[in-house]
Amino acid sequence: MKWTQAHIFTLKEAPADAEIPSHRLMIRAGMIKKLAPGMYTYGNLALRAIRKFEAIIREELDKRGCVEILMPMVHPKELWEETNRWTEMGAGLLKFQNRNQQWYCLGATHEEAVTDYIRHDVKSYRDLPRTLYQIQTKYRDEVRPRFGLMRGREFSMKDAYSFDIDQAGALKTYQVMYDAYRAIFDRLGLNYRIVQADAGNIGGSQTHEFQLLADAGEDSLLVGDSSDFAANIEVCPAIDAELHVSSEKELKPIEKFATPGLKSIGTLSKSTGIPPKELVKTLFFSGNDDVESKDKELKPFAVLLRGSDTINPVKVKNLLGMANPPQLLTDEEVKKVSGAWPGSCGPVGLTIPIYLDNGVSGLKNYIVGANQDAFHLKNVNHGRDYQPTKVGDLRMAQAGDKCPSGKGNLQAFRGIEVGHVFYLGTKYSSKMNASFLNQEGKAQPIEMGCYGIGVTRTVQAAIEQCHDQDGIIWPLAIAPFQVHICVLDPKDEKVMNASQALYAGLQAQGIDVLMDDRDERPGVKFKDADLLGMPLRIVFGKKGLDNNEVELVVRKDKQVKKVAPDAILRSVLEALQNLKPSPR
């Protein structure tokens, strides 16, 4: 493609709402343009990268026997009511009525739609297994869309769904898809990790995330420093570096003491001289799982953990079997439940369920709020002074904790989730009556799995990981163009002829080429070339050709090589071969 025929308009500065490097660079490169919050028009450069990534996905899935379909983006309410996700998904599901007052939603995900599709076709065990996939637009009504394509409302996603006769078959398919995802992301040549994860409200008992490592990543990852263990912080087991078992032998009698103005663990620790890890804090949550039913009777519960620890709402959700992480009670609700304002609350005397973090289980004679404003209790002990409903791992793991693998400790990284694989079991097939007749003629629910890749998100995540102060550094596999030819003297016949010859020669080899044939200053062309970030830049100028030289520049490291004009085609092909990622 020639620049003068393309629709490429670069910017020197990005808008103020572009908060992270990849978002700023995509805006400046003219790759995306905001239509509304969380919704973007993709320019040709972005679309070319997206289509190349889609081609990689299709190749890897098709070779493993997956079948591509395409489902509607608009779904009827009745399908989502079958699984109760019409309410469980909450405000993130954009709902609307048509002219006949029938309710619909925009597809945030397609488990219901694909289960409905398959249940009308599959009758017998002979019809299984099947794995279907699509590349489709999704819409999720994010409260605060940000970071461009990273956290948008409308985005492109590849979602696949597997259907098997039993758990063994479903887990075998899970492994096939897991391996397919590794092959897909290996082909990009990016730095990524496969981590244990939470299934969220999609559900399922086995799940892994594929995370691209980047400083601006939204997800916190914990990775073993001496093993291949990796997990999202939401689900990483918290194993204490030391057990913090109290050295005290006897249980002392409870004492109430005044603590005016001491409403935080920090101020309480400073006043008492007791370190936060030996103090206990009480947090109050709502057990109401139906996020749309705000008028229902409140179902509060309390969680106790050490003052030095941070609550992990996902672990609480999983322990209680909730569909969504629980919400903290308001100050007024806490006052109503406990009798005191936050900062003076504790477990003694509560009549609601109390969940105890493992870190508290080894403590004795500890301090908690007295459920009376400006008072605390000391020498409190669980089992004697209150009865925990359940004890479990409810805190956030952190860097420096023991690794769950048993080897070494945990290190912290930031990641961008670009892929997710789930084993669903019969969560959807049972609710939606998607069954088949087994060899004995008995009806059984289909075993399912689902597998997603954020297509547009991955393209931006690649830029987030691969850029420098001058612009984008595209990985070869999804670069909009593999070669960027800069013609410094477009009015010079000799320069244009040499440029055209390489342009045609590369196209004949199946190489995507962008030729900057604008009548612009060299400095402008070089800045734009660095900004757009194609893997190779070839510079044709009158001065160079007079010296029998053409410049070949590798964008990744700015390495410059002088090549004779009659050897430039061969040199470009060799350089592109060297840029391909090595097999992992």
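# Worked exercises on a predicted model

Let's start with charge: the 75 positive and 75 negative charges of the protein chain have mean positions 2 Å apart. Here Lys and Arg count as positive and Asp and Glu as negative, while His and the chain ends are not counted; a charge is placed at NZ of Lys, CZ of Arg, CG of Asp or CD of Glu.

Before you dig in, remember that this is a predicted model, where local features need pLDDT of at least 70, side-chain atom pairs count only at pLDDT 80 or more, and totals for chains, interfaces and linings use all residues. Residues are numbered from 1 along each chain as its sequence is written, and side-chain values use heavy atoms, with hydrogens and water left out.

**Exercise 1. Get an overview of the protein chain.**

- Step 1: Take the box. Along the principal axes, the C-alpha atoms fill roughly 95 × 65 × 50 Å.
- Step 2: Count the elements. You'll find 16 helices and 31 strands, which are DSSP runs numbered from the N terminus (helices are H or I with at least four residues, strands E with at least two).
- Step 3: Check burial. Of the 584 residues, 51% are buried (under 20% relative accessible area, with exposed over 50% and partly exposed in between, using a 1.4 Å probe and protein chains only).
- Step 4: Look at contacts, meaning heavy atoms within 4.5 Å. Among those with a separation of 6 or more, 70% are between residues 24 or more positions apart.

**Exercise 2. Work out which strands stand at the edges of the sheet S4-S6-S5.**

- Step 1: Write down the order. The 3 strands form an open sheet, S4-S6-S5, with antiparallel pairing; two strands pair if DSSP finds at least two bridges between them.
- Step 2: Find the edges. S4 (74–76) and S5 (95–97) each have a single partner strand, so one side of each has no neighbour in the sheet.
- Step 3: Add the twist. Neighbouring strands are turned by 40° against each other on average, direction ignored.
- Step 4: Zoom in on one pair. S5 and S6 (residues 103–106) are joined by 3 bridges, and Lys95 has Cys105 in S6 as its bridge partner.

**Exercise 3. Find the two strands that pair with S19 here.**

- Step 1: Start with S13 (residues 255–258). It runs antiparallel to S19 (residues 375–380), with 4 bridges between them, and Ala258 sits opposite Phe375.
- Step 2: Move to S18 (residues 366–369). This strand pairs with S19 over 3 bridges, also in the antiparallel sense, and Val368 has Leu377 as its bridge partner.
- Step 3: Follow the turn. S18 and S19 make a hairpin with 5 residues between them, where Asn371 has a positive phi of about 60°.

**Exercise 4. Decide whether H5, Arg153 and Val314 are buried or exposed.**

- Step 1: Take helix H5 (residues 111–119). Since 7 of its 9 residues are buried, H5 is largely enclosed by the rest of the structure; Val114 and Ile118 are among the buried ones.
- Step 2: Go to Arg153, in the loop between S7 (130–139) and S8 (154–164). With 17% relative accessibility, Arg153 counts as buried. Leaving aside residues up to four places away in sequence, its contacts include Pro37, Tyr139 and Asp141.
- Step 3: Finish with Val314 in helix H8 (residues 313–320). Val314 is buried too, at 7% relative accessible area. Leu394 is 80 residues from Val314 in sequence, yet their C-alpha atoms are 8.4 Å apart.

Key
Axes fitted to C-alpha atoms, helices over the stretch in contact; angles between N-to-C directions.
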